[in-house]
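Please read the following report alongside the sequence and the coordinates. It takes up strand pairing, the sheet as a whole, selected loops and a few side-chain contacts in turn.

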Amino acid sequence: MKIAGAPISWGVCEVPGWGHQLDRDRVMAEMRQAGLTATELGPDGFLPTDTGELTAFLDGFGLSCVGGFVPVLLHDDGHDPADDLAGPLDSLVAARAEVVVLAAATGADGYDDRPELDDAQWKTLLDNLDRLAGIVAERGLTAVLHPHVGTMVETRADVDRVLAGSGIALCLDTGHLLIGGTDPLALTHDVPERIAHTHLKDVDAALAQKVQAGEMTYTQAVAAGMYVPLGAGDVDIAGIVTTLERGGYTGWYVMEQDNILTAAPEGDGPLADVLASVRFLQGLS
């Protein structure tokens, strides 16, 4: 298994007002303390944007770059998402990454609401996915689409529309899929050939159901602890990993426990949960 970390496990997020943002040196040092040797980049501006500084910074912590999460507006025919992709793609190429993790942004901040698209907007979105996947491939990387709560691809119906209408590979995010109404294990069985990247999350299903029922916003549920260490929640992480491995999956497993910090943590803070997730995954091998 190729296991990587992600800054969101330390509460580092692109959403304005998300919570206390830890500095990059602490996050990267604690990744190494957890035994990880690779990371996704995190939100724009968290790590150095200058490509030379970025590679030197990661090298200084003994970390390689797996990829990066890039939200882009895909459904507006008056907007070219290739412009949004250009800067992050340059950074990912310079960092010798493998994957560009695209999300179909709504155009608004946060993940608590999303509009409905008409057929014309869906066509624009799907066409843009294939076009961006081609741009990424020309630079030697693989583009994947990340179904994500509060984006234009959230539900199982949305996922099926992407699978039928575009050729882009998927990022199997076990948490966002579950919260959006998709059984991630079933999807792993259904379309193993479309899964090129994996975000492993575990979820408290009771809180996820409150998000689905509109009783809590996504942000409120994250703050309440909807994401838990791997093996401590209601996602069949072991079954998903076993199914992927038996199917010949060769991609990365990026551990993500989305977190909102109210202040700088005392003691281990998020590191304690990351260590618990690492121990769980090591027990699967």
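## Strands E4, E5 and E6

In this predicted model, strand E4, which spans residues 99–105, pairs in the parallel sense with strand E5, residues 142–145, over four bridges. Between E4 and E5 the chain passes through helix H4, residues 119–138, and the β-α-β crossover made in this way is right-handed. Within this strand pair, valine 100 has alanine 143 of E5 standing opposite.

On from E5, two bridges join this strand to E6, residues 169–173, and the two run parallel. Here valine 144 is the residue that stands opposite alanine 169 in E6. A right-handed β-α-β unit is again found, this one being made of E5, helix H5 (residues 156–165) and E6.

## The sheet as a whole

These strands belong to an open sheet of eight strands, whose order is E1-E10-E7-E6-E5-E4-E3-E2 and whose pairing is parallel. Strand E1 (2–4) and strand E2 (38–40) stand at the edges and have a single partner strand each, so one side of each is left without a neighbour in the sheet. On average, and with direction ignored, neighbouring strands of this sheet are turned by 25 degrees against each other.

Elsewhere in the sheet, strand E7 (residues 195–200) is joined by three bridges to strand E10 (residues 252–255), and these two strands run parallel. In this pairing histidine 199 stands opposite valine 254 in E10.

## The annotated region

The UniProt record, an unreviewed entry, carries the annotation "domain: Xylose isomerase-like TIM barrel" for residues 31–259. In the model, the chain over residues 31–259 is 41% helix and 19% strand, and the C-alpha atoms at the two ends of this stretch are 15 Å apart.

## Helix H10 and the residue after it

Helix H10 covers residues 237–246, and its buried residues include Ile237, Gly239, Ile240, Val241, Thr243 and Leu244. Just after H10 comes glycine 248, which takes a positive phi of about 85 degrees.

## Two exposed loop residues

Which residue has a positive phi although it is not a glycine? Arginine 96 does, with a phi of about 60 degrees, and this arginine is found in the loop between helix H3 (81–94) and E4. Arginine 96 has a relative accessible area of 56%, and because a value over 50% counts as exposed, this residue is classed as exposed.

Glycine 267 lies in another stretch of chain, the loop between E10 and helix H11 (271–284). Its relative accessibility is 64%, so glycine 267 counts as exposed too. Measuring from C-alpha to C-alpha within the model's coordinates, glycine 267 and leucine 284 are 28 Å apart in space, and they are 17 residues apart in sequence.

## Charges over rings, and aromatic pairs

Where does the charged end of arginine 24 sit? In the model this charged end is placed over the ring of phenylalanine 57, at 5.2 Å from the centre of that ring. A lysine is placed in a comparable manner over a tyrosine: lysine 201 lies over the face of tyrosine 227, with a distance of 5.9 Å from the ring centre.

Aromatic rings also meet one another, and the structure holds three aromatic pairs. A pair of this kind is described by the distance of the centres and the angle of the planes.

Definitions and conventions: Residues numbered from 1 in each chain as written. Predicted model: local features only at pLDDT ≥ 70, side-chain atom pairs only at ≥ 80, totals over all residues. Heavy atoms only, no water. Phe/Tyr/Trp six-rings, centres within 6.5 Å; stacked < 30°, edge-to-face > 60°. Lys NZ or Arg CZ within 6 Å of the ring centre and 35° of its normal. UniProt positions renumbered as here; feature names shortened; annotations may be inferred. Pairing = 2+ DSSP bridges. Right-handed = clockwise from strand over helix to strand, strands pointing away. Buried < 20%, exposed > 50% of the residue type's maximum accessible area, 1.4 Å probe, protein only. Axes fitted to C-alpha atoms, helices over the stretch in contact; angles between N-to-C directions.
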